[in-house]
Amino acid sequence: MLAALVLASPLNAQVVSLKTSVPTLTGAPGVVSFSAPALSAGLSAPALAPGLAPSLAPSLVPVLAAPAVPVAVRPAPAPVRGARAMEPLRSAVKTFGEGLRAIPAALTGLFDGAAAVGEPVGPAASAASPVRSLESIKELKMGSYNVLNLFENVGKHVPDPENPGKLKKISDARPKEDRSLREQGQVILENDLDIVTLEEVENIAALRDFNERFLDGKYSVHLIEGNDERGIDVAFLVKKDLPFLVEHRSHKDETWVDPVLGGGPRTLFSRDLTSLVVRVPGKAQPLFVLFGTHYKSKRDRDGGDPGSSILRGAQVQRSAEIIARYRAEFGADTPIMLAGDFNGEVGKDAEFRPLFEAAGLVDSFDASPNPPSEKDRITHTFHPQGAPAHFGQMDAVLVSKALRGAVRKAEAYRYKNEDGSVRAIPATYAERSRNPSDHFPVIVTLDFAALRGPASFAEIPEFDERYTGPESRARTVTILGSSKSVDPIKEQVALSGEVSGALIRHGYNVLTGAGNAGVMGAAYAAAAENANAAPRRGENLVLAVRPGWGDENLSDARAIGIADSEPRRVEAFAKVSDNFLIFPGSAGSIQEAAILVAMNAYRGKAPLKRIILVGRDFFGGISQQYQRLFADGLLKEAPEALFTVVDTAEEILAGFLPAAPKPDAELEAFAAEHLKGEKDAVLRERAMALVRAYLSAPKPRREAAYALSTAYYDGVESLERPGAKLEPETKRQLEAMLAVLDSVVPRAKARRYQEPEINRLVNAFEPLLGAFDRRGLPPETPPAPPTPSQSARLFADGARNWLASSGAAFDAKNAEWARWTENPGPVSAYTAGNVRPIRSLIDRLQVAKLVFAAEAAAVPANGELSPETVRRLYNAWDRLREAANDTLRILGDSSHPDPSQRGLVSNADQNTGRTPGGLELFLAPGRAVDWDAARVLNEALR
């Protein structure tokens, strides 16, 4: 019976996966893609047709013939059984005609591991709704709408006093009125929204029913069941005629340590922070990422969280961190949107600052060319009994800076009467009850051309000044050469692609003229392929010329300008690039080489460009001519300073990439032998995994391995000092090793009481490298220890150097903390109760620093130091060091089981950035001096 119902339902209405019947699964963890060709092999239309009504058999063909369709699968939940599991099925049977659409989703609650997710979205719409071309889309209309209990069945829920943090149902179920559903559907259709983020949706069946009955079936629906006990989920509607591929992801399993309820890690998001990764066919790089959210309501939580601000603040902070993960995966400039019900004043409440500051998002209202007034930003009204009504902006669509210029319009929609007149914002509860929701939708119109990049010459910007800065020019390599695929240069064409791919992978931008053939075509194609790979490296850039050559490809690159002639384009190339590779071609290649080399020779005070001519046979004449000019005294510089002529990829890349030594081939065998004495088999296995990860990058680096602990706790970015960047291979190697550590204790869950496990592993791995370096060498003779007099001078010089270089920063950070104790802002009661001891620690630290500075100033710059001078300086440093160490208590673990060891700021306030942070700067005085000297002085001064 159940199997018959599944087969009788239209397959293009819902994808249902069962553990035993998934033909082909691909994709990232937590997300799978159904490969439609593989699916068609397992479920061919002829095989199924005999069991179906004749009218249904043709409906299988569009799905089975479609290309790979990304479909997210939520992690397998605990099986839901009993009355709750049967509710969707009862609803489906009650109205059988509509119920056929709901049955596949209803069945998912009856099977372990079954997953009902979104409908496939891709370039395979029906004839009734043909897919639009990218070029035909001029604008994209996005919406965010809290639809107030879009439930198939709904009952009232209240906090359960017997189960803190849980809800219980206290009223019977009742369906939502068709009147409200119809009006909500009319809002979406009237505004012709392309993609809508919905909050408070019960399940996929309810959403599908809403789409079919009130939206004319125009949308594909996407919903992953979240954490809310009432069953209100975040969902998406996506127009079926959009030429997009959609990957649906969930973050509902993110956890945190709740300082209010205590205990072990708990689920963080009240519902989910769900996302759509939207791509166009043929491109791995997302067109944009849309996050949907419904943060915790302002209902007080038991245990001491008024307004749930601690929980909601933690959810916001984690959202910013997750956005950072997506940027690491797809590239820093990937367009990102965050839409939903924020359950707070979006532009006013301090708890949302991480979204604007750390995540770099901006409210689309503010990005709009005509920002709405305070009144026009109202998206929610609240009318409590016996208290004044509250009006505020609780809903928003936030956009990343990459999208700010694409926002054409942003508004809060106002409901209308039957005659089309606009209703006033409700002043009372009775007035609000006339509306279909207590929220107003937010509607944002985006310039799609600005979002996807130019599709034609008319859309290319004249010149993008952002790429003219010295840092951008230094990492942009222009590749020039023949745009024709001719046999004599086929080896040069292949060489161009090889070099272009390597440059992109190592963080360089590749700039061409957008041609799709020959040298530049190969360079363009390799750049596009490698730039789209995750994690993203350099950018694929183009500068076009008008009129075009007819073979330009603008869809897989960022067009940064257009010129009216070839010579002017060469000038534009020189403005945005400091590096040029010129390959053989026709007369145009010789012309480009001649212009650029001459520009180098007569550049005035401008720095030299790096010009590499590829092909000694082809460019030998230019080399001879310039040698003659130099010999005749007509050039100020030797030709070798103006350009180089090479033949191979190794010669080209030598100027861009550091030499990569061969991997330590013997290290793995050495490690296995070295770890034999370790009794912990699991530790041995994990240390070997670290060794293999270390060797997996093409350039093993000792400093990367020794920075592993820092990178694990503070992120790879913490290793990049101002003005200094890690090499791409080093980053890749660190990420490989971090993945091993993550498999032991994920960084998201690492707390102080879990650190020893990671530290043991790192402490087994790092000495292994040192032992490998010293293998076969005679034991080192330790150097003679310094005398107390030598140690005193080293110690004093270190103290003076630290005061000169970092003393002012130390004072500024201390003053910042002191100001915070005077006005800590919206912090938890735990933190507020500890402000006085925090101030005491800060004041003590500042006094210790002043004494230390005074003693250091009294030390003579030269000559022997008296024992009394050394003693006073050492004691002042020792007190400063102890005071600095004591400040670490401020941001310790406030949930530590030992009350005497607890931090003075709550974990929630730390996670939400409600403190100045930066205490590590206070430890700098202790690290600035020579520790060997300190040990000698410690012994001598006893």
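What share of the 942 residues in the protein chain is buried? In this predicted model, buried residues account for 50% of the chain. The fold comprises 35 helices and 30 strands. Contacts reaching across the sequence are well represented: of those between residues at least 6 apart, 75% join residues at least 24 apart. The chain exposes about 43300 Å², and 54% of this area is supplied by carbon and sulfur atoms.

A good place to look inside the model is its largest nonpolar core, which holds 40 residues. The members that touch the most others are F795, W817, I838, F852, I890 and F922. Two or more residues come from each of α29, α31 (835–857), α32 (867–887) and α35 (931–940), with α29 giving the largest share, 10 residues. In soluble globular proteins, nonpolar side chains tend to be buried together.

The surroundings of W817 can be traced residue by residue. Beyond its neighbours within four places in sequence, W817 is in contact with I838, I842, I890, L891, T915, P916, G917, L919 and F922. Another core, of 34 residues, lies apart from the largest one; V691, F765, L768 and F772 are among its members.

Helix α29 spans residues 788–822 and also carries N814. Is this asparagine, N814, buried or exposed? N814 counts as buried because its relative accessibility is 4%, below the 20% cut-off. Leaving out residues up to four places away in sequence, N814 touches I842, L845, Q846 and F922. Two of these partners, I842 and F922, also appear among the contacts of W817.

Technical notes
Residues numbered from 1 in each chain as written. Predicted model: local features only at pLDDT ≥ 70, side-chain atom pairs only at ≥ 80, totals over all residues. Heavy atoms only, no water. Helix = DSSP H or I, 4+ residues; strand = E, 2+ residues; numbered from the N terminus. Buried < 20%, exposed > 50% of the residue type's maximum accessible area, 1.4 Å probe, protein only. Contact = heavy atoms within 4.5 Å. Areas by Shrake-Rupley, 256 points an atom, 1.4 Å probe, with all protein chains shown as cover. Core = buried A, V, L, I, M, F, W, Y, C linked by side-chain atoms within 4.5 Å.
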